[in-house]
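Let's read a model together, one feature at a time. Here is what we will look at.

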Amino acid sequence: MKGEEKKSGGTAAASATRGRSLWTDAWRRLRRNRMAMAGLAILGVMVAVALLTPLIAPYGFADISLEEQNQPPCRAHWMGTDHLGRDLMTRVMYGARISLAVGICATLVSLFIGVTYGALAGFVGGRADNVMMRFVDVLYGLPFMFFVIILVVVAGRSIINLFIALGAVQWLTMSRIARGQAMSIRSRDFITAARTCGAGTPRILLTHVIPNLLGPVIVYFTLTIPAVMLEEAFLSFLGLGVQPPNASWGSLASEGIGSITLYPWQIFFPGFALAVTLLALNFLGDGLRDALDPLMKEARK
Amino acid sequence: MTAYIGRRLIGAIPTILIIVTFAFFMMRIAPGGPFDAERALPPDVIRNIEAKYHLDEPLHVQYWRYMKDLFRGDLGPSFKSPDWTVNEMVARTLPVSLILGTWALLFALCIGIPAGFIAALRRNAAPDYAAMTFAVIGISVPNFVVAALLMNLVAVKLGVLDVAGWGQWRHVVLPAVTLGLPYAAYIARLSRAGMLEVIRQDYVRTARAKGLSEPVILLRHAFKPAILPVVSFLGPAAAAILTGSLVVEKIFQIPGLGWHFVTSALNRDYTMVMGTVIVYSSMLILFNLLVDVAYGFLDPRIRYD
């Protein structure tokens, strides 16, 4: 945790010499927000653990030990064992890999669809914009979780399908944000300049519009990851998400729920790992929004 | 107002048609069917079953038949439970989910609104920080963790309420609290923002200058405009509570529509899944309409014409 703070301090100091850009200023505000920095540190640890799991996990992921079924937390097994005597801490660590991967990948899918769609609608404007945004309005009214469930049932319960399905329903708000930004960028001088130079719409969108609307999109990105992770956990918990032999925090919790009155640790540890990660992401997202918001206000003036 | 409601109801028809069409074709292109048993059935039996449910007809004929039945309010027979029609199943399980959802929403409102208002009125003081920390925690902690904690503390350790079940008042408390908690957190945030916006307004200052007491100002002048953001959140909240009840119903073993939906999805009981999605979507559209109408009553600046 300490190393990370030191590193971030270093970047801020280095870029401060280059003057106050939008991002340095935001970074300085963010660093003053203690909850957001704590969130960042916790996430750093989680990601590090997830990446290093195959090296540092105390046991094998599928090591069954029938003499040690349903052991409570003890020195040999810090988080206890499950109904097959597998070490729960190892499984929670491996679960982090899948939970984080699904959260990030599905959000990236939604980012890709939402930004492309929204930027296009906002930039083209007129009737096309109207039709595209009406479509988004209609989709907003639908019970999306049900469609994710149908998609997953129809396409098969693989991890790839899971994050495509989750990403495919999460892009709506992203597209609205991107559209709003694109509309304000459209009338800027540098767009006119690009047009005069003979650049076509796809080129302008890619090189001028999209890079300039990323600020608010990044904030929303941070806040979408926990939402997606929660949805993945719900699906896995219902048996519709990650399937054995893979395990995510949601599916581990699902395995634990059956014996909650007898062996409560089997649901608590994966559940708490998920809760702590979501908390960290939410604090970081809120902090980022607060850090970027005053700049947005200034920009609007 | 009547014209507005009428227009909205007519506008909902294409939405529902899109939902039905989408769900129908999604379910039909799926590999594997509801009658894939562990033991392969003789081809004659399969042919008989398919003929019984009209699965041997071309797709567009099946679609047309389904639409005609739907128009008459008939959601068809269940593929997996031959003794039940989808209508009977919905009629039996929907009320359970509605009761649970209503209690959860009431809980969320009763906790969220006061917490948000207190936070706004004591801005940047201890109550504010406490309420907002609670709000972030409430949003972040997954339903099943809350459920597990409540079951262990209240039901197992204290022995006050039952761990799971349905049928008595004591069965509704824990699931409703579990289901309502994230929305209580969200509503607390919204009502805090709403109240902060309102107490800055000139008319509140005027009311203070008139010498009105603080409770009168809050209840008569500030309350209505301050809960507007909460009211507009009720539409999405209702949707989310319906969705969330899938998990809560599973944990607490409540025989509601949500649990049933998950079971049918796992069993590939297509007619059941589609019926559930149609019922849910219609309820959602209706609820959003109700929210918009209520909004018009609360905010006189909004006119529907």
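A: Let's start with confidence: pLDDT is the predictor's confidence in each residue, from 0 to 100. Helices, which will come up often, are DSSP runs of H or I of at least four residues, strands are E runs of at least two, and both are numbered from the N terminus. This is a predicted model, where local features need pLDDT of at least 70, side-chain atom pairs count only at pLDDT 80 or more, and totals for chains, interfaces and linings use all residues. Residues are numbered from 1 along each chain as its sequence is written, while chains are lettered from A and ligands numbered from 1 in the order in which they are written.

Q: Which elements of chain A have the lowest and the highest mean pLDDT?
A: Helix 1 (residues 2-16) of chain A has the lowest, 44, and helix 4 (residues 88-124) of chain A the highest, 89. Chain A averages 79, with 89% of its residues scoring at least 70. Over residues 1-16 of chain A the value stays under 50, and the model has 11 contacts beyond four places in sequence for them; a contact means C-beta atoms, placed from the backbone, within 7 Å. Residues 295-301 of chain A are also below 50, with 3 contacts beyond near neighbours in sequence. Where pLDDT is low, the predicted coordinates should not be read in detail.

Q: How many helices and strands are there in chain A?
A: Chain A has 12 helices and 0 strands. For packing, call a residue buried if 20 or more other C-beta atoms lie within 10 Å of its own, exposed if 12 or fewer, and partly exposed in between, with C-beta atoms placed from the backbone. Of the 301 residues in chain A, 43% are buried. Among contacts in chain A with a separation of 6 or more, 70% join residues 24 or more positions apart.

Q: How many residues of chain A are in contact with chain B?
A: On chain A there are 33, in contact with 38 residues of chain B. Helix 6 (144-155), helix 10 (214-237), helix 11 (249-257) and helix 12 (265-300) of chain A each supply at least two residues of that side. Helix 12 of chain A gives the largest share, 10 residues. For classes, Ala, Val, Leu, Ile, Met, Phe, Trp, Tyr, Cys and Pro count as nonpolar, Asp, Glu, Lys and Arg as charged, and the others, Gly among them, as polar. The side of chain A that touches chain B has 28 nonpolar, 5 polar and no charged residues.

Q: At what angle do the axes of helix 5 and helix 7 of chain B cross?
A: Axes are lines fitted to C-alpha atoms, for helices over the stretch in contact, and angles run from 0 to 180 degrees between N-to-C directions. Helix 5 (residues 126-140) and helix 7 (residues 173-199) of chain B cross at roughly 140 degrees, their axes coming within 8 Å. That makes helix 5 of chain B oblique to helix 7 of chain B, since angles under 35 degrees count as roughly parallel, over 145 as roughly antiparallel, 65 to 115 as roughly perpendicular and the rest as oblique. The residues of this contact divide into 10 nonpolar, 1 polar and 1 charged.

Q: Where is B:Asn124 found?
A: Most residues other than glycine have a negative phi. B:Asn124 has a positive phi of about 60 degrees although it is not a glycine, and is found in the loop between helix 4 (86-121) and helix 5 of chain B. B:Asn124 counts as exposed because it has 8 C-beta neighbours inside 10 Å.

Conventions:
Contact = placed C-beta atoms within 7 Å.
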